[in-house]
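Let us take a walk through this structure together. Keep the sequence and the 3D view open side by side as you read.

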Amino acid sequence: MPPLVFQLSGTCNNYPWGKKGKQSLAAQLCAKTPGIDFKIKDNEFYSEMWFGDYPDFPARKLDTGEPLAEVLQRNKEQLLGKKIIENFDGQLPFLPKILSIAKALPLQLHPNKELATKLHEKDPNSFTDPNHKPEIAVALSKFEVFAGFKPLDQIAPLFKLEPLRQFSPEQPDKWSDETLRDVTRNLLKSDLETVKKVQTELSKIPKDQLGDAAYILDLLPRLQDQYGPEDAGSLVALLCMNFLIFNPGDAVWIPADGIHAYLAGDIVECMARSNNVLNTGFCPPGDRNNADMFANTLTFKAHSRDDVYLPSKKSDKSKKGKTVVYRPPMSEFDMLKTDLGAGESEELTASEGPGVMIVTSGEGVMHADERDFQLKEGFIFFVAPGVPVKLESKQGLQIHMAVV
């Protein structure tokens, strides 16, 4: 019988949008796992720490170094349980990560299952699985993000401004989502010289002509500094998308096919088990996917802050009221967040499926599977189905836990 609770190590990656050296929370948390050979280099970017069973940057069982996927496949019944075996191909259905973001991630969407299957069949090297990838991000710090589209009545007036009229040549009396699709396509397919000229002209528009969108003039130089004045992603994000600022504990929900670009901050991110993405901005031209495919794939479920904000609710797994749940409208996972003050404790009832938890701050003790486990910042644990968990802390403790 394998242990039903065990410690994991995560894997960091080094995309250039990440924070450098010890400024990166992803790197700091990764480095606090005991017994692994990970040293933070001051001049290295550390963008993400992954701690799921996906092969790209796998979590490992700490005491043996085995990839988590191998441990789970040997012990499916005990460690994954009937629900996962029957409904999710006998694999961990979610992929949790810590992200530390210094500059904008690519302007992107994650294809739905139907498109992902087609892309995977056609180009398995670029699209490594046939799954969709809806996701949530829970802020650990101030978190800035472009997510979903603005209301149409806030976008349409901007394209009456002289530099932007060319992208909406019909100038319809009333915009529809199809108008927005065409405008997004036109922006993304513009040549570099046009994008540069439009950005220059946009920067000269008086603030009072932009109304509530005057923030564009503050953000444009920042995005240009990161990706240059020829990146059409800046125009799509600033003119068409919601720019949102979240505080710690706030969460954003990105459905499959939902347009987004994270801009700055530290987050816990969790998604369906996939690594498929279409990028069209905030990245080198050679890294961009086809603008027509991107535009054709867009859905317009999100047209306001409320459409992408995912509120937390009291968790029914909590016996002492110290845990909230973020419950996205998908079956692959929920995210629990437990906050304990000094001297407080919590008990979480068993889940039907597996869970993976990370200590995001503080320290304490976890009692589970008839053993005690020390909890310190950065420690990661796998918890099998059917295992209740008791948490105690003398100094204070915060954990985030993805569960099925």
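What follows is a tour of aromatic rings, helix packing, backbone angles and a few individual residues.

A word before we set off: this is a predicted model, and local features are described where pLDDT is at least 70.

Let us begin with the aromatic rings. A pair of aromatic rings is described by the distance of the centres and the angle of the planes. With rings counted as paired when their centres lie within 6.5 Å, there are 15 aromatic pairs. One of them joins F6 and F382, whose ring centres are 5.1 Å apart and whose planes make an angle of 20°, a stacked arrangement. Follow the chain between these two and you will cover 376 residues, from F6 in strand β1 (residues 5-9) to F382 in strand β21 (residues 380-383), so this pair links distant parts of the chain. Are the two rings buried or exposed? F6 has 5% relative accessibility and is therefore buried, because the cut-off for that class is under 20%. F382 is also buried, at a relative accessible area of 0%.

A second pair worth a look is F159 with W175. Here the ring centres are 5.5 Å apart and the planes meet at 35°, so the pair is classed as tilted. Both residues sit in the loop between α6 (152-155) and α7 (177-188), so the pair ties together parts that are 16 residues apart in sequence. F159 and W175 are both buried. Elsewhere, ring pairs gather F143, F246, Y262 and Y309 into a cluster.

Rings also have charged partners here. Return to F6 and you will find K61 over the face of its ring, 5.3 Å from the ring centre. In the same spirit, look at Y227: the charged end of K103 is placed over its ring, at 4.8 Å from the centre.

Now for the helices. Helix α7 and helix α11 (residues 232-240) have axes that come within 8 Å and cross at roughly 150°. How do the two helices run relative to each other? Angles over 145 degrees count as roughly antiparallel, so α7 is roughly antiparallel to α11. On the α7 side, L180, T184, L187 and L188 take part, and they meet A232, L235, V236 and C240 of α11. Sorted by class, the contact of α7 with α11 has seven nonpolar residues, one polar residue and no charged ones.

Helix α11 has another partner in helix α8 (residues 192-203). The axes of α8 and α11 are 9 Å apart, and the helices pack at an angle of about 45°. That angle makes α8 oblique to α11. From α8 come V195, V198, Q199 and L202, while α11 supplies A232, S234, L235 and L239. The contact of α8 with α11 divides into six nonpolar, two polar and no charged residues. Notice that A232 and L235 of α11 appear in the contact with α7 and also in the contact with α8.

Next, the backbone. Most residues other than glycine have a negative phi, and most peptide bonds are trans. Against that background, D89 has a positive phi, near 60°. D89 belongs to the loop between α4 (82-87) and β7 (94-101), and its relative accessibility of 66% makes it exposed. F282 likewise has a positive phi, near 55°. Its place is the loop between β14 (278-281) and α12 (291-297), where F282 is buried, with a relative accessible area of 1%.

Our last stops are two single residues. What surrounds I98 of strand β7? I98 is buried, at 0% relative accessible area. Setting aside residues up to four places away in sequence, I98 touches L25, A26, L29, S47, E48, M49, F51, L140, I267, V268, I358 and T360. V236, which we met in α11, is 138 residues from I98 in sequence and 27 Å away in space, C-alpha to C-alpha.

S315 lies in the loop between β15 (312-314) and β16 (323-326), and it is buried, with a relative accessible area of 7%. Apart from its neighbours within four places in sequence, S315 is in contact with T323, V324, V325 and L336. From S315 to L348 there are 33 residues in sequence and 9.1 Å in space, C-alpha to C-alpha.

Definitions and conventions:
Residues are numbered from 1 along each chain as its sequence is written. This is a predicted model: local features need pLDDT of at least 70, side-chain atom pairs count only at pLDDT 80 or more; totals for chains, interfaces and linings use all residues. Side-chain values use heavy atoms; hydrogens and water are left out. Rings of Phe, Tyr and Trp (its six-membered ring) pair if their centres lie within 6.5 Å; planes under 30 degrees apart count as stacked, over 60 as edge-to-face and the rest as tilted. Helices (H or I, at least four residues) and strands (E, at least two) are DSSP runs, numbered from the N terminus. Buried means under 20% relative accessible area, exposed over 50%, partly exposed in between (1.4 Å probe, protein chains only). A charge sits over a ring if NZ of Lys or CZ of Arg is within 6 Å of the ring centre and within 35 degrees of the ring normal. Axes are lines fitted to C-alpha atoms, for helices over the stretch in contact, and angles run from 0 to 180 degrees between N-to-C directions. Angles under 35 degrees count as roughly parallel, over 145 as roughly antiparallel, 65 to 115 as roughly perpendicular and the rest as oblique. Contact means heavy atoms within 4.5 Å. Ala, Val, Leu, Ile, Met, Phe, Trp, Tyr, Cys and Pro count as nonpolar, Asp, Glu, Lys and Arg as charged, and the others, Gly among them, as polar.
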